[in-house]
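Reader: Before me are a sequence and a set of coordinates. Please take me through the fold one question at a time.

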Amino acid sequence: MDMKAPERVINLLEPVVEGLGYELVGVEYQPGRPQGMLRLYIDHPEGIEVDDCARVSHQVSGVLDVEDPIAGEYLLEVSSPGLDRPVFKTDDYDRFAGEMIRVRLRGRLDGRRKFHGRLLGLENDQVRIDEQGEEITVPLTEIDRAHLELEP
């Protein structure tokens, strides 16, 4: 299931989050019954604390109430990206080149849906990964989820 939020929601919320001094890492939306979940990941060079999440949640809630970009009921969650930082933005594939990454695809590529290795960057809309010495290229459009991983 694709959990990326609609582009209009991201475009609505990104200026609000950045106006508060944070980076909007990404937004996930999971519809559900009786209510869905809208999750924002925020970051700051000095890290994220509970008070930061509360501050962003308060501001974003007001905007969401006024603009009402998502039909139905949903819970709003604001979180730090954590140690296994999700990768949402195209630029992040170059920004975090050299880091370990875990990628899950929407469909299969060479019979596989999951890849894990060192992120080499993005070239021609292909995410390049070094998986145990073998370079693998994955079409950006086929990525369902991607997360950076801490190295042991």
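**Strands, helices and cores**

Reader: How many bridges join strand β5 (residues 112–123) to strand β6 (residues 126–131)?
Author: Strands here are DSSP runs (E, at least two residues), as helices are (H or I, at least four residues), and both are numbered from the N terminus. Two strands pair if DSSP finds at least two bridges between them. β5 and β6 run antiparallel, and the bridges that join them number 5.

Reader: Which residue of β6 stands opposite Leu119?
Author: This is a predicted model, in which local features need pLDDT of at least 70 and side-chain atom pairs count only at pLDDT 80 or more, while totals for chains, interfaces and linings use all residues. Residues are numbered from 1 along each chain as its sequence is written, and side-chain values use heavy atoms, with hydrogens and water left out. In β6, the residue opposite Leu119 is Ile129.

Reader: Which are the edge strands of the sheet with the order β7-β6-β5-β4-β8?
Author: The sheet is open, with 5 strands in antiparallel pairing. An edge strand pairs on one side only, and this is the case for β7 (134–139) and β8 (143–149).

Reader: By what angle are neighbouring strands of this sheet turned against each other on average?
Author: Axes are lines fitted to C-alpha atoms, for helices over the stretch in contact, and angles run from 0 to 180 degrees between N-to-C directions. For the sheet β7-β6-β5-β4-β8, the average turn between neighbours, direction ignored, is 45°.

Reader: Is Ile136 buried or exposed?
Author: Ile136 lies in strand β7 and touches Arg112, Phe115, Val127, Arg128, Ile129 and Glu131, leaving aside residues up to four places away in sequence; contact means heavy atoms within 4.5 Å. Its C-alpha atom is separated by 9.3 Å from that of Gln126, 10 residues apart along the chain. Buried means under 20% relative accessible area, exposed over 50%, and partly exposed in between (1.4 Å probe, protein chains only). Because Ile136 has a relative accessible area of 10%, its class is buried.

Reader: What is the phi of Asp125, and what is that of Gln132?
Author: Asp125 is found in the loop between β5 and β6 and is exposed, at a relative accessible area of 52%. Gln132 lies in the loop between β6 and β7 and is likewise exposed, at 83%. Neither is a glycine, yet both have a positive phi: that of Asp125 is near 60°, and that of Gln132 is about 55°.

Reader: What is the order of the sheet of 3 strands?
Author: Strands β1 and β3 are the edges of this sheet, each pairing on one side only. β1 and β2 run antiparallel and are joined by 7 bridges, with Tyr29 opposite Leu38 in β2. The sheet is open and its pairing is mixed; the order is β1-β2-β3.

Reader: Which strands does α2 lie across?
Author: Helix α1 packs on the sheet β1-β2-β3 by touching β1 and β2, its direction making about 145° with that of β1. Helix α2 runs at about 145° to β3, and the strands it lies across are β2 and β3.

Reader: How far apart are the axes of helix α1 (residues 7–19) and helix α2 (residues 50–67)?
Author: The contact involves Leu12, Leu13, Val16 and Val17 of α1 with Val56, Gln59, Val60, Val63, Leu64 and Glu67 of α2. These residues divide into 8 nonpolar, 1 polar and 1 charged (nonpolar: Ala, Val, Leu, Ile, Met, Phe, Trp, Tyr, Cys and Pro; charged: Asp, Glu, Lys and Arg; polar: the others, Gly among them). The helices pack at an angle of about 145°, and their axes are apart by 10 Å.

Reader: Which element gives the largest share of the largest nonpolar core?
Author: A nonpolar core is a set of buried Ala, Val, Leu, Ile, Met, Phe, Trp, Tyr and Cys residues joined through side-chain atoms within 4.5 Å. The largest has 21 residues, of which Val17, Leu38, Leu40, Ile42, Val56 and Val60 touch the most other members. Two or more residues each come from α1, β1 (23–30), β2 (36–43), α2 and β3 (74–79). The largest share, 5 residues, is that of α1.

Reader: What is the separation in space, C-alpha to C-alpha, of Ala54 and Ser79?
Author: Ala54 has its place in helix α2 and is partly exposed, with a relative accessible area of 46%. In sequence, Ala54 and Ser79 are 25 residues apart; in space, their separation is 9.3 Å.
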